[in-house]
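Some terms used for a model depend on cut-offs. The questions below set values against them.

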Amino acid sequence: MLTLVNDFKKISETGRSIIILIATSTCDCFNPEDLSNSEPSPICTKCYGTGKKRLKIKTAPVRFQIYNDANNTFEDLDKNITEYNDEKMMFFLPSVYKNITNEELIVVLKEGVDTDIAEKIYKIVNIIPFVNESFIFFEAYGEKINIAPEVII
Amino acid sequence: MKISFNNDYILIENFQNLVEALVPNYVKLLENAEYVDKIRFLNTINETDFKVVCSCTITENFNIKLGNRIYPVIFSDENAPAISEPSDGNDTNSLETITSFEINYENKEVLIKNTSQESKTFEFTLHKFFIQSFPDFILQTENFSLIVEPNTNKIVFNLQDGYVFRLMTEFEGYETKIEDYYAYPIYYFSNTKSLKTAFTRASINIEAYSEEDLKIMISDKSMKIKRGFGMLDEQCRNIELQPILKELCELYNVQEQSLIGLVSYGAGEASTPNSANNNSGLKLKLGNFETDGKSSNSINISSSSGDVSISKRIEQLETTLKDSIIKQAHSVHNETYIEKRNFRKMVIRNVDFS
């Protein structure tokens, strides 16, 4: 069991830090009762256009990779396997993030920059726990959402 | 727990429950006793340590609130000083100069001493908990006030076995809190060292449990045995029954904890070892990354067969314990019966029929 925990840590160290944006309360950059005249601002630094204030959690390095549907479906001749498709991503999160739900967002940061600039933001669509005795980790599937370019988190 | 302050961030180390800290509104920043929204983000370093990165320079006017507790920002001569959590739970600054609390374990009393020159009136709130439901659900709340004369000790309340008490008092704006874990196990048929060995043999990760968790487990299972078999206090103290009781108490815990770990999932891109289809070694797969499993050949996960053997052993022990309790009672009964019969005979013999 300890081997599994150590292996998970070792593998995770090869990944990168991400930021999890946890939804807290409705943002005051728009009026939720008058949506025809106001809407969440895409440049709002509290909600990033999502309408909810966010608690930012910068994680220790975690593994994540592109989720390819071709692995789970029958082969199709029309399918272009070499296509680079980052629409879906899966993240392997340790057990401390067990409270995250489908309302949260995951931000992949731009590399080689000192400030935390969002490269892509993914909305969590599914979370699958993997349990072996007391060792738990989570596989979170994210779908890419559109954001304003060069958003500083 | 250890808290260090820097100009830009607050480092919290050895935090026991990091899952709670990542919930909104658990970590808050106060400036001049008012909440301010100046936390930029939380940075988790590992499973127990995290940083609270702020969008402003931290000064001594700031306090950090973790859950229900408030920790003041204290800078010392060094750049990153550290304050440690007081071990007795008495987290106060100015109250310490006026009062001192003392726990008398012999008489099971909590005493308060007024060290100032004037008599003071303190208002207390006392929460009483079952140890099993501590600290979430309060069993009983009591409010009372005490007048303490200078340089005298006064009993605040009496401790009881099996309960946890939390004493809170407010005095001139400062709060103090005492949580006492004294004497919570009423019955204890094993010890934590032995239980840890049993967990290790059953390949259960003992790092997930603290000493207090293990003590509560032992206490719970001991009470379950005592109640389930209808044992008397004398029988609990019988040294001849202790080996059976100890083994049974440990096996109950092992069975419970191994059953929790049996649930496993096998879909998606990641996989954990499953005893049914992988007995050779432990292989962890995270997408494209996979461990070789060679380093773990010595660990054998056979949870299903192990579980059967544990339940069989528990059945044997339960039968033995039941038999021994009944036989003991029977023998005691026989003894008195024989004594009575002999006494009657003696009486009969002594009767003069003439």
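Q: Which residues of α4(B) are buried?
A: This is a predicted model, where local features need pLDDT of at least 70, side-chain atom pairs count only at pLDDT 80 or more, and totals for chains, interfaces and linings use all residues. Residues are numbered from 1 along each chain as its sequence is written, chains are lettered from A and ligands numbered from 1 in the order in which they are written, and side-chain values use heavy atoms, without hydrogens and water. Buried means under 20% relative accessible area (1.4 Å probe, protein chains only). In α4(B) the buried residues are Leu214(B), Met217(B), Ile218(B), Ser219(B), Lys221(B), Ser222(B), Ile225(B) and Lys226(B).

Q: How do you know that the span of helix α4 of chain B agrees with its 18 residues?
A: A helix is a DSSP run of H or I with at least four residues, a strand a run of E with at least two. The expected span is 1.5 Å times one less than the number of residues. For residues 211–228 of chain B that gives 26 Å, and the end C-alpha atoms lie 25 Å apart, so the two agree.

Q: What makes β3 and β7 of chain B a pair?
A: Pairing requires that DSSP finds at least two bridges between two strands. Five bridges join β3 (residues 27–31) to β7 (residues 62–66) of chain B, and these strands run antiparallel. Leu29(B) stands opposite Ile64(B) in β7(B).

Q: Why are β4 and β8 of chain B called edge strands?
A: The open sheet has the order β4-β3-β7-β8 (chain B). Strands β4 (34–36) and β8 (69–72) of chain B each pair on one side only.

How values were computed: Buried means under 20% relative accessible area, exposed over 50%, partly exposed in between (1.4 Å probe, protein chains only).
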